[in-house]
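Here is a short set of questions and answers for the bench. Keep the sequence and the structure open as you read.

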Amino acid sequence: MTDRLVLGSAPDSWGVWFPEDEHQTPWHRFLDELFEAGYEWLELGPYGYLPTDPDQLADEVGRRGLKVSGGTVFGNLHDPDAWDDTVATVRKVAELTAAVGAHHLVFIPPMYRDERTGEFSESPTLDEDQWRNLNRSADELGKILLGDYDVRLCLHSHADSHIQTQPEIERFLDGTDPEYVSLCLDTGHVAYGGGDAVDLIRRYSERVDYVHIKQMDPEIIRQVNEEKLSFGEAVKRGVCVEPPAGEPAPAAVLDALRDVDARLFVIVEQDLYPCEPDVPLPIAIRTRKYLNSCGLGARHQKA
């Protein structure tokens, strides 16, 4: 095993997409089961799901023997009118992230289709002015995060967002400053957008600063493309699958990551929203054991 690849998981793998939702696992159960499944590290998930008081969060995480790998935030960088609200939101999440000792902030761009209804909220493509504003704003936000919080901006490419396909990911990376902006490589979302995660790792290794490891069912991706489905509908159909099923192959991703000259968090994410409360834990245990077998370790292995 390599100490440079650090295994963790996230609320997403317990069916959590929103700060509050009647279909989601309560936060205390998520933390209990995360430890029971054998993980040590966690990403915070949507702001407001876990406690937002730094002392309470540190206590709840610490007394379970857990540690925080990073925070998560949604924000809009392509619309100048959204800048002030985005910065205010990001500062709030960055402050909490830093307070519990983490140094990565996973930034998810806005989705142009509603997660619940699939309705379009804006065009699926950006024009040249929007791209320029997106890249310029990312650099500025990355500068703020690093200077004020010692937190690294990790842009998460995402299904139904303007940074979804491999050409869009590459355009973003080529247009931003590596000193301030890095990539949260979500292997499943790359596959969903028709890209090649291993190729991105090989060619942009210096920009990969954080990883979500996830697999997608190619048959459901085919349905998405043929039927023009939203990501929310694709998740309901089971597009996210546990390893070793789906694409990309986790072993191939991990082989490529071992060549990256950096310590990387590799966070399990399997979108399960909505799901019954007893579904996530057995999947989390099997996933952890499979990734252990590929050489990606967890420090304690209770289950």
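Buried means under 20% relative accessible area, and exposed means over 50%. The model is a predicted one.

Q: What share of the 303 residues in the protein is buried?
A: The cut-off for buried is under 20% relative accessible area. Of the 303 residues, the part that meets it is 59%.

Q: How many helices and strands are there, and what is the radius of gyration of the protein?
A: The protein has 11 helices and 10 strands. For 303 residues the globule rule gives 19 Å, and the protein's value is close to that, so the protein is as compact as a globular protein of that length. The C-alpha atoms fill a box of roughly 50 × 45 × 40 Å along the principal axes. The radius of gyration is 18 Å.

Q: Among contacts between residues at least 6 apart in sequence, what percentage joins residues at least 24 apart?
A: A contact here means heavy atoms within 4.5 Å. Take the contacts between residues at least 6 apart in sequence; the part joining residues at least 24 apart is 81%.

Q: Which helix gives the most to the largest nonpolar core?
A: This core has 68 residues, and Leu42, Phe172 and Leu257 touch the most other members. The top contributor gives 6 residues and spans residues 128-149. That is helix α4.

Q: Which elements do the buried residues of α1 pack against?
A: Helix α1 covers residues 27-36, and its buried residues are Phe30, Leu31, Glu33 and Leu34. Leu42 is in contact with several residues, including Phe30, Leu31 and Leu34. Just after α1, Gly38 takes a positive phi of about 100°. The packing partners of the buried α1 residues are β1, β2, α2 and α11.

Q: Which elements are included in what covers the buried residues of α5?
A: Helix α5 runs over residues 166-174. Gln166, Glu168, Ile169, Glu170, Phe172 and Leu173 are buried there. Their cover includes α4, β5, β6, α6 and α7.

Q: Is Ser182 buried or exposed?
A: Ser182 sits in strand β6, residues 181-186. Leaving out residues up to four places away in sequence, Ser182 touches Arg152, Leu153, Cys154, Leu155, Arg207 and Asp209. Its relative accessible area is 2%, and the cut-off is under 20%, so Ser182 is buried.

Q: How far apart in space are Pro80 and Leu134, C-alpha to C-alpha?
A: Pro80 is in the loop between β3 and α3. At 54% relative accessibility, Pro80 counts as exposed. Pro80 and Leu134 are 54 residues apart in sequence. In space, their C-alpha atoms are separated by 8.8 Å.

Q: Which residues does Thr125 touch, not counting those up to four places away in sequence?
A: Thr125 lies in the loop between β4 and α4. Its relative accessible area is 51%, and exposed means over 50%, so Thr125 is exposed. Thr125 and Ile285 are 39 Å apart, C-alpha to C-alpha. Beyond four places in sequence, Thr125 touches Gln130 and His162.

Q: How far apart are the mean positions of the positive and negative charges of the protein?
A: The protein has 29 positive and 55 negative charges. The mean position is taken for each sign, and the two lie apart by 4 Å.

Methods. Residues numbered from 1 in each chain as written. Predicted model: local features only at pLDDT ≥ 70, side-chain atom pairs only at ≥ 80, totals over all residues. Heavy atoms only, no water. Helix = DSSP H or I, 4+ residues; strand = E, 2+ residues; numbered from the N terminus. Buried < 20%, exposed > 50% of the residue type's maximum accessible area, 1.4 Å probe, protein only. Core = buried A, V, L, I, M, F, W, Y, C linked by side-chain atoms within 4.5 Å. Rg over C-alpha atoms; globule rule 2.2 N^0.38 Å. Lys, Arg positive; Asp, Glu negative; His and termini not counted. Charge placed at Lys NZ, Arg CZ, Asp CG, Glu CD.
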